[in-house]
Amino acid sequence: MAYATGAMPVSRRTRELVLVGVLLALAVLVFRANSRKPAQLSALDRVVLRASAPIQGALAGAVSGVAGAFRGYVYLVDVRRDNARLLDENRRLQLELARTRLADERATRLEELLHLRAELPSETVAARVIGVETSAHFRVIRVRLDRGAGEVKPGMVVLSPEGVVGRISRVFGGFCDVQLAVDPESAIDVMVVRSGARGVLKGKSGDDLFRAHIPEMVRGEDVREGDEIVTSGIGGFPPELPVGRVAKVAKPDAGLWQQVLVAPAVDFARLSEVLVLLAPPPPPDEGGARHGPEPSRGLRPPR
Amino acid sequence: MATSAPAPGSPLPREIGAGATLAFLGCGWIALILCSSLAAVLRVPRVPAPDVVMLIVLFVGLTGRGTAASVCALGAALGYLGDLFAGSPKGLHLLACALLALLARAASSRLLVRGPIATAGVAFVTALGFGAAVVTLRVTALGDGPLGDGFASADARAVLVSALSTAAAAPAVFPLLRRIERFFHRDPRALAVGS
């Protein structure tokens with residue numbers, strides 16, 4: 001076993017510095033390369049993600065079941081006290097009730113998804129949320145596809161009965177990462193229903209309230225608090241899907257633009273099932289793939 | 001000079017070791033799976049999960065073990081795992097963790113971290129710097145970013161809350177990591193971080 005003996009020989013120190021330099025240069029290169037093509041996964045990425053995702057799914061399912069049963073148990077604890085004589089019977093019923101409620105909630109959600117699926121122009125695949133991002137600076141969820149793993153591609157649109165969820169960012173086996181509409185890297189072409197004003201919706205990074213905004217809407221466009229925002233139909237999203245409502249309009253003292261803060265229609269904190277639209281993703285934007293469609297600068301869509 | 005056993009008064013063993021490296025990587029992987037899955041299921045109001053990967057990199061750096069290159073490589077590997085779970089552009093956490101590992105190793109000879117308060121304090125300051133680095137790298141990668149109205153404050157708030165969450169977890173995470181380190185480095189004279 002080797003032990004440090006104080007001063008390092010110069011040659012060894014130089015070698016160490018070179019190694020560190022090479023490692024950091026490699027790190028920078030990996031970062032630069034992948035920031036341009038974020039959807040590409042290497043063989044190592046796939047191995048790690050395919051090994052992790054089933055565990056995440058199993059863990060999410062197990063914790064969900066235990067938490068659901070526990071919630072049902074706590075909810076009816078007073079009833080059990082009042083009926084001490086029927087304690088055992090109550091416990092059994094409570095657990096059954098909790099399970100039934102969970103099943104009922106899930107059935108309702110799935111029914112809503114089915115209604116949405118029937119209304120959509122192309123085929124869809126259902127998916128269940130099994131994980132969320134581990135960084136405060138990004139908004140991504142991990143989902144398990146019910147079927148059609150080979151058909152889902154990066155860039156495809158993800159929806160819920162409430163509205164737009166986001167886009168597929170990575171696919172590995174039967175699992176995908178979905179970039180939410182509130183992620184700072186997301187860009188969705190949207191319009192105001194009342195006035196037809198258009199802009200590009202972007203996520204607001206680092207905000208725990210899951211908000212998005214339209215940073216560059218032409219100052220003269222008619223937009224007010226409470227206005228409904230829907231997709232414009234450009235950039236792969238079907239037209240007129242609910243995106244959210246205008247929460248605030250900020251007009252700086254000078255400049256061409258006004259900023260519109262949007263409260264999303266989807267409750268991202270409670271998202272459990274989603275639909276992936278199997279329409280082909282929009283063609284890649286060479287040299288600017290991460291930035292989405294260009295803002296319309298206030299042009300109104302044809303009616 | 002290489003010897004087969006440490007003589008009394010001789011310097012302590014400085015290598016990380018393959019076993020400890022794999023153990024730290026495994027810890028990071030399991031922690032990421034747990035944080036990601038539990039946050040999805042429990043649906044508590046969005047308090048950011050503690051950055052356990054950053055804590056592991058910080059711990060490894062502060063132990064002062066290993067060469068700069070090996071610590072940097074371990075930090076990069078942990079950062080790579082972080083990228084796969086954070087939804088960030090691949091390489092962002094890799095680069096940030098590699099740099100953090102080097103800085104922590106450089107500071108290890110001047111910084112003695114003992115007790116839960118000191119551990120939380122060091123973790124908080126480090127998490128603030130780490131969060132700022134991640135935001136800066138993200139802005140660099142995207143070419144646009146948090147410079148618009150309200151963005152800077154939202155990012156600053158996220159960095160602050162995430163740093164608080166990480167600092168709160170640090171006094172619980174460091175003892176676990178110390179156990180792992182002691183398991184692989186049983187020399188009773190070995191310095192431990194956070195004890």
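This section describes the fold, the packing and several individual residues of a predicted model with chains A and B.

The overall make-up of each chain is a good place to start. Chain A contains four helices and twelve strands. Chain B, by contrast, has six helices and zero strands, and its elements follow the pattern α-α-α-α-α-α when read along the sequence. Of the 303 residues in chain A, 37% are buried, while in chain B buried residues make up 51% of the 195 residues. Contacts that reach far along the sequence appear in each chain. In chain A, 61% of the contacts with a separation of 6 or more come from residues 24 or more positions apart. In chain B, among contacts between residues at least 6 apart in sequence, 74% join residues at least 24 apart.

Attention turns next to the nonpolar interior. In soluble globular proteins, nonpolar side chains tend to be buried together. The largest nonpolar core of this model counts 126 residues, and the members touching the most other members are A:Val243, B:Ile56, B:Val57, B:Ala98 and B:Ala101. Domain 1 (41–119) and domain 2 (124–282 + 291–303) of chain A both contribute residues to this core, so the core lies between them. One of the well-connected members, B:Ala98, can be followed further. Apart from its neighbours within four places in sequence, B:Ala98 is in contact with A:Leu23, A:Leu24 and A:Ala27 of chain A, and with B:Cys72, B:Gly75, B:Ala76 and B:Gly79 of chain B.

The contact between B:Ala98 and B:Gly79 leads on to helix 3 (residues 68–86) of chain B, where B:Gly79 lies. B:Gly79 counts as buried because it has 30 C-beta neighbours inside 10 Å, with 20 or more being the requirement for that class. Leaving aside neighbours within four places in sequence, the contacts of B:Gly79 are B:Val53 together with a run made up of B:His93, B:Leu94, B:Leu95, B:Ala96, B:Cys97 and B:Ala98. The C-alpha atom of B:Gly79 is also 7.8 Å from that of B:Leu92, a residue 13 positions away along the chain.

Helix packing in chain B offers a further view of this region. Two packed helices are described by the angle between their axes and the distance between the axes. For helix 2 (residues 52–63) and helix 4 (residues 92–108) of chain B, the angle is about 35° and the axes are 7 Å apart. Their crossing is right-handed. Helix 2 of chain B takes part through B:Val53, B:Met54, B:Val57, B:Leu58, B:Val60, B:Gly61, B:Leu62 and B:Thr63, and helix 4 of chain B through B:Cys97, B:Leu100, B:Ala101, B:Leu103, B:Ala104, B:Arg105 and B:Ser108. Sorted by class, this contact holds eleven nonpolar, three polar and one charged residues. Two of the participants, B:Val57 and B:Ala101, are also among the core members that touch the most others.

Three residues of chain A complete the account. A:Ala126 belongs to strand 1 (residues 124–132). Because 18 C-beta neighbours lie inside 10 Å, A:Ala126 is classed as partly exposed. Beyond the four nearest places in sequence on either side, A:Ala126 is in contact with A:Leu113, A:Asp146, A:Glu273 and A:Leu275. The C-alpha atoms of A:Ala126 and A:Asp146 are separated by 5.7 Å, although the two residues are 20 apart along the chain.

A:Gly174 sits in the loop between strand 4 (163–172) and strand 5 (175–180) of chain A. With 19 other C-beta atoms within 10 Å, A:Gly174 is partly exposed. Setting aside neighbours within four places in sequence, A:Gly174 is in contact with A:Arg144, A:Leu145 and A:Ala149. Of these partners, A:Leu145 is 29 residues away along the chain, with 5.4 Å between the two C-alpha atoms.

Lastly, A:Glu240 is found in the loop between strand 9 (228–231) and strand 10 (242–250) of chain A. Most residues other than glycine have a negative phi. The phi of A:Glu240, however, is near 65°, a positive value in a residue other than glycine. A:Glu240 has 13 C-beta neighbours inside 10 Å and therefore counts as partly exposed.

Key: Residues numbered from 1 in each chain as written. Chains lettered and ligands numbered in written order. Predicted model: local features only at pLDDT ≥ 70, side-chain atom pairs only at ≥ 80, totals over all residues. Axes fitted to C-alpha atoms, helices over the stretch in contact; angles between N-to-C directions. Left-handed = near helix turned anticlockwise from the far one by under 90°. Contact = placed C-beta atoms within 7 Å. Nonpolar A, V, L, I, M, F, W, Y, C, P; charged D, E, K, R; others polar. Buried ≥ 20, exposed ≤ 12 C-beta atoms within 10 Å, placed from the backbone. Core = buried A, V, L, I, M, F, W, Y, C linked by C-beta atoms within 7 Å. Domains from an automatic or database assignment.
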